[in-house]
Structure formats: structure tokens, C-alpha cells
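Biologist: I should like a close look at one part of this model, namely its aromatic side chains and the surroundings in which they sit.

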Amino acid sequence: MPAHLRDLAEAVGARKVAMVTQVHGRGVVVVRAGTPIPESRPEADVIVSDAPDTAIAIRVADCVPLLMADRVRGVVAAVHAGWRGTAARAAGAAIEALGRAFGTRPVDLVVAIGPSIAACCYEVGTDLVDAFAAAGHERYLIDRWFLAPPPARGSQDRSGLTLDVARANIDQMILAGVPDDQIFASGLCTAMHLDVLTSYRKEKDKATRIAGVIRAATEASAQPPFAARGW
């Protein structure tokens, strides 16, 4: 195992790391205790796990990293949610998968949301609005997630449309049954903190990646450990 993956596993007390080839969708990979990790990374954007010796990790550079933990059963999920994954309800796919695979109830989930690009720096086109509408999201939610800031005083220019992609994921998880007071967002914009974070929109091909990592709890653990690290 490469040194950076070994360090990532050790950060949460695991022996190995399971990752996926992220494709901006809602596909799910289930990692079960006692089952070997595939040598090749399957295409998916959600990983759910009950294996305490295996960390699960996703990588982002503006997209929303979601780390979910079932505080009753100790099972966990890691979700990569860019705008496409958010439109496809990747967070909901994780909640559903945890329920199917391990019996998780949404009310028992605690969620950490890492740094991602915020509405202040995420100007988008109306094609994204159309994509969310085509995916079946309610109009009142679309109006909540897509913002048009007022123009500067005296300006005749039309303000650009922005997307609050973290807010969209929070709302989707609340609608799925996760209590809002059990969702904790860092509130850090990747594009605004390039001294410590990274942003593909700002840095393009020079951008690195932030890894969000979590592992399932052992019987003696009170909570599943999670961490974030830059690569």
C-alpha cells in the first residue's frame, strides 16, 4: 500500500483504505467486514462499510465530501457529491444503502460535511437549474439552492447565478430523515482558503485533492473516527 494511503488509514486507526473511481453519480460500493478490498477501484461515488479495520475515503477539490456515521450500529458512509451527484441525490443513495446493508435508520445518523466550494465562489449557468429540475427536485428547493445575488449599487450588469451545493445536500439529508442538529458543516469554501485547501475551479490542473476518511466503529468504540487530509 502506498505511503500516503497507509498514513490515511493510520489517521483513523485502520489497516487499509477502500476507495472508488469517482464518476459524479450515485453508485454505491459496500465494504463488508472480513471481505477483501477489490484490487481495482469500482466506479461509484458512495462507499458504505461495517469493517472497522478498513477506512473508506473519497477525494474532492470543490465537490462536497460527506462522512456519515450510524451512532447506534457503528457503520459508516463516505460520499462524493459534486453538482451532478447532488442532482442525482448521492447523499440519499448513501442513506438508503446503509439501511439496506446494515439496518441503519436516518434518525441515528451523524454527518460531517467537509470543505467545498461555496455559493460565494460557485457561479453557474441556467443549464444546472434545468438539470436539477429534470432530476425531479421540487421548485422551492431549486429556488433555495440557486441564488442570484443583487448587483452592485449603480450597476446595470445582471448578477450571476450561484449554487449552494452544500445546502442542497443538507436539505436532501433532512428530507431523508436525518435530524438537522446531527448534521455538522465546516462552512469553509475551498476557493476562499487556498493557503490550506485546494479548488479545481480556481487552480484547474494545479489543484490537488482533499481526502475525507472514516471507518466503522469497533465494539469498544463510542463513535466511528473520521478525518480530513490534503494530498
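Biologist: Are phenylalanine 132 and tryptophan 145 buried or exposed?

Modeller: Both phenylalanine 132 and tryptophan 145 are buried, that is, under 20% relative accessible area with a 1.4 Å probe and protein chains only. The model is predicted, so local features need pLDDT of at least 70 and side-chain atom pairs pLDDT 80 or more, while totals for chains, interfaces and linings use all residues. Residues are numbered from 1 along each chain, and side-chain values use heavy atoms, without hydrogens or water.

The structure contains 2 aromatic pairs, meaning Phe, Tyr or Trp rings (for Trp, the six-membered ring) with centres within 6.5 Å. Phenylalanine 132 and tryptophan 145 are edge-to-face (planes over 60 degrees apart), with 5.9 Å between centres and 70° between planes. Because phenylalanine 132 belongs to helix α4 (residues 126–134) and tryptophan 145 to helix α5 (residues 139–145), this pair ties together parts 13 residues apart in sequence. Helices here are DSSP runs of H or I, at least four residues, and strands are runs of E, at least two.

Phenylalanine 132 also pairs edge-to-face with phenylalanine 146, at 5.3 Å and 85°. Phenylalanine 146 lies in strand β9 (residues 146–147), 14 residues away, and is likewise buried. Phe132, Trp145 and Phe146 thus form one aromatic cluster.

Phe146 is also among the residues with the most contacts inside the largest nonpolar core, which has 43 residues. Such a core joins buried Ala, Val, Leu, Ile, Met, Phe, Trp, Tyr and Cys residues through side-chain atoms within 4.5 Å. Helix α3 (residues 90–102) supplies the largest share of this core, 7 residues.

Key. Phe/Tyr/Trp six-rings, centres within 6.5 Å; stacked < 30°, edge-to-face > 60°. Buried < 20%, exposed > 50% of the residue type's maximum accessible area, 1.4 Å probe, protein only.
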